[in-house]
Amino acid sequence: MPVDGRIARGDATRAAVLERAVDIASVEGLDGLSLGRLATELDLSKSGVFALFGSKEELQLAAITAASAIFAEHVITPAMTAPPGLPRLDALCTNWLAYSEERVFPGGCFFFNTAAEYDARPGRVHDAVAKAGRGFAGLITELVQEAKKLGHLGSGVEVAQLSFELHALGRAANADSVMNGGTEAYELARDCMSSRLRAAAMSAPPAT
């Protein structure tokens, strides 16, 4: 059946609003979002934008969902096409640093910035940001566990510790580069991640 023109226009408007919203939030935080501002910047009616989201909080939550989809597109989905184990873990780390360095979001990593904004503020927005952060940290842990199970990492490798180190390196590179500019932090993070993974792999028994 043909799609109602109003529904199609509404979907297009919602997509345009969220595209702009995630860019703003990555720089100014989720509190920088407002229905009126987005309507003005995109030359839309405020009532029309309000009808799509209903409140600032719903807009913030929708922006988090949209940012999660963009993050998955650039980081997670392509990494999961790599062979399981160490190649997949390495691809995830590589993609994550590239996503931040290439400024997929103009403010760097959307979730690093919004987590800092909402880390001590309870509520639905905090919970959504925290859930996204836990999900990615959990994925790193899953891939480290997978690599260890497949024998790509040594039996003595501590999964929680290695996962934490990789996560911390990516976050530190983003924070340093956004604050100070340049790409040196990403090069250092890549070298540190590679060295850490090589050391963990060298402790694994040789394949038979």
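Here is a walk through the largest pocket of this structure and then through its salt bridges. Keep in mind that you're looking at a predicted model.

Let's start with the empty space. Rolling a probe the size of a water molecule over the atoms shows where empty space is left. In this model, the largest pocket holds about 420 Å³ of space. If you want to find it on screen, look for Phe111, Val129, Ala132, Gly133 and Arg171, which lie nearest the pocket's centre. They belong to a lining of 23 residues.

Which helices supply at least two residues each of that lining? They are α4 (56-79), α6 (110-118), α7 (124-149) and α8 (159-180). Helix α7 gives the most, with eight residues. As for the kinds of residue you'll meet on the pocket's walls, 13 are nonpolar, seven are polar and three are charged.

Now for the charged pairs. The structure holds ten salt bridges, and three of them make good stops on our tour.

The first stop is Arg124 and Glu57, whose side chains meet in a salt bridge with N and O 2.8 Å apart. Arg124 lies in helix α7 and Glu57 in helix α4, so this pair ties together parts that are 67 residues apart in sequence. Are these two buried or exposed? Somewhere in between: Arg124 has 44% relative accessibility, so it counts as partly exposed, and Glu57, at 32%, counts as partly exposed too.

Next, find Glu101 and Arg190. Their closest N and O atoms are 2.5 Å apart, and they form a salt bridge. Because Glu101 lies in helix α5 (residues 86-101) and Arg190 in helix α9 (residues 184-202), the pair ties together parts that are 89 residues apart in sequence. Glu101 has a relative accessibility of 24%, which means it counts as partly exposed. Arg190 is also partly exposed, at 24%.

Stay with helix α9 for the last pair. Arg196 forms a salt bridge with Glu165, and here the closest N and O atoms are 2.4 Å apart. Arg196 sits in helix α9 and Glu165 in helix α8, so parts that are 31 residues apart in sequence are tied together. Arg196 has a relative accessible area of 24%, which makes it partly exposed, and Glu165 is partly exposed at 23%.

Salt bridges can also link up through shared partners, and that's how Arg20, Glu28, Arg37 and Glu41 are joined into one network. Try picking out those four residues on your screen to finish the tour.

Methods:
Residues numbered from 1 in each chain as written. Predicted model: local features only at pLDDT ≥ 70, side-chain atom pairs only at ≥ 80, totals over all residues. Heavy atoms only, no water. 1 Å grid on protein atoms, 1.4 Å probe; cavity = no way out; pocket = protein on both sides within 12 Å on 5 of 7 lines; lining within 4 Å. Points joined across faces, edges and corners; volume = space filled by probe spheres on them. Helix = DSSP H or I, 4+ residues; strand = E, 2+ residues; numbered from the N terminus. Nonpolar A, V, L, I, M, F, W, Y, C, P; charged D, E, K, R; others polar. Buried < 20%, exposed > 50% of the residue type's maximum accessible area, 1.4 Å probe, protein only.
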